[in-house]
Amino acid sequence: MKNITKWQHIVPQFYLKEFKNEKNLIENYDILNKQFGQPKGTRPLCADYFYYGAETGIQDEISQIVEEFLESIETPLSKSIPKLKKSLVGNSEITPEEKHIISLLMSMLYIRNNTTRNQIKQTTSNFTLEVLKGIANVKGEERFFNDYERDTGIIISSSEKKNFFKALQESTFKIEVNNAPHINFLSKIPNFANILNTQNWIIYISKIEENFITSDTPVISKNPKNWNNKFGVPILSKSYYFPLSPKIFIKTYYDGQITTKSIKRKNLLSKKDTQIINDLNLVIASQSEKQLFAYQKIDIEKILKYRQ
């Protein structure tokens, strides 16, 4: 009988290991309760029971299918990280293959996290509500409920009909959505990786004592400044921030004026560069969901002080 994976990681352990200290532990900070926790290994961090089930916490077949799918991506990526880190901090040109591998890692971390899940569920809920309102407006109240009662066999009282229609028109109730839309979206990991791969990159390399931190939301997106579009910001136009390790941080961005794919290294060599590290860490600290992680406790303490 095949083993069932109950404790499923939102952020994979092979990535979190990059922030382990000499004791093989990771410093962690609870954003909501504003307090440090005891240093931990990777297993208890960023995980939940049957996170990839249709309903979180409830065992089903889909949770195991997703686990296998993610494992097929994680296994080769985890083996690539040591070589990638050497290449990024070196002087040789970063190859297209290396850029694609990092793009795939970033895409996986961005799409599978809980922030993305909640955004997808909220979008699905809003869209479903608008569709339902459209159907109700076309059919009218009487036909709408006649069809519902006929199809379901459930009889609704006049007061319930009135209250429902009023709530529907005023959008005062929420349509609950399970994890299915997010699980389906995981199949887009290779597609989103291609988008990241087409962007321009800056690779920041800390060669001073200051380190980069990470979190339960290791890839953060930011909209371009002064963007004014009622249809929202295209994925390609956003910037993405990703700490690969305590010493390597990657920022991707879109520049319509640049026709070639650009990868630039920026070595941070002096105390003057501390500001850059603080600003990048601030992006992670200010937009993550529940937890911050670091190689050293002081790395988190510094950014909390800087944020104030």
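Student: How many nonpolar, polar and charged residues does the lining of the largest pocket have?

Tutor: Keep in mind that this is a predicted model. The largest pocket holds about 410 Å³ of space, and 17 residues line it. Split by class, that lining has nine nonpolar, seven polar and one charged residues.

Student: Which element gives the most to the lining of the largest pocket?

Tutor: Start with the elements that each supply at least two lining residues: α3 (96-112), α4 (114-139) and β7 (220-222). Among the residues nearest the pocket's centre are Y110, T116, Q119, S221 and K238, and Q119 lies in helix α4. The top contributor, with four residues, is α4.

Student: Is Q119 buried, partly exposed or exposed, and what is its relative accessible area?

Tutor: Buried would need under 20% relative accessible area, and exposed would need over 50%. Q119 falls between those cut-offs, so the label is partly exposed, and the value is 45%.

Student: How far apart are the C-alpha atoms of Q119 and P12?

Tutor: Along the chain, Q119 and P12 are 107 residues apart. In space, the separation of their C-alpha atoms is 20 Å.

Student: Are α3 and α8 parallel, perpendicular or oblique to each other, and why?

Tutor: Two packed helices are described by the angle between their axes and the distance between the axes. Here α3 and α8 (residues 189-198) pack with axes 8 Å apart, at about 125 degrees. That angle is past the 65 to 115 band for roughly perpendicular but not over 145, the cut-off for roughly antiparallel. The crossing is right-handed, and the angle therefore makes α3 and α8 oblique.

Methods
Residues numbered from 1 in each chain as written. Predicted model: local features only at pLDDT ≥ 70, side-chain atom pairs only at ≥ 80, totals over all residues. Heavy atoms only, no water. 1 Å grid on protein atoms, 1.4 Å probe; cavity = no way out; pocket = protein on both sides within 12 Å on 5 of 7 lines; lining within 4 Å. Points joined across faces, edges and corners; volume = space filled by probe spheres on them. Nonpolar A, V, L, I, M, F, W, Y, C, P; charged D, E, K, R; others polar. Buried < 20%, exposed > 50% of the residue type's maximum accessible area, 1.4 Å probe, protein only. Axes fitted to C-alpha atoms, helices over the stretch in contact; angles between N-to-C directions. Parallel < 35°, antiparallel > 145°, perpendicular 65-115°, else oblique. Left-handed = near helix turned anticlockwise from the far one by under 90°.
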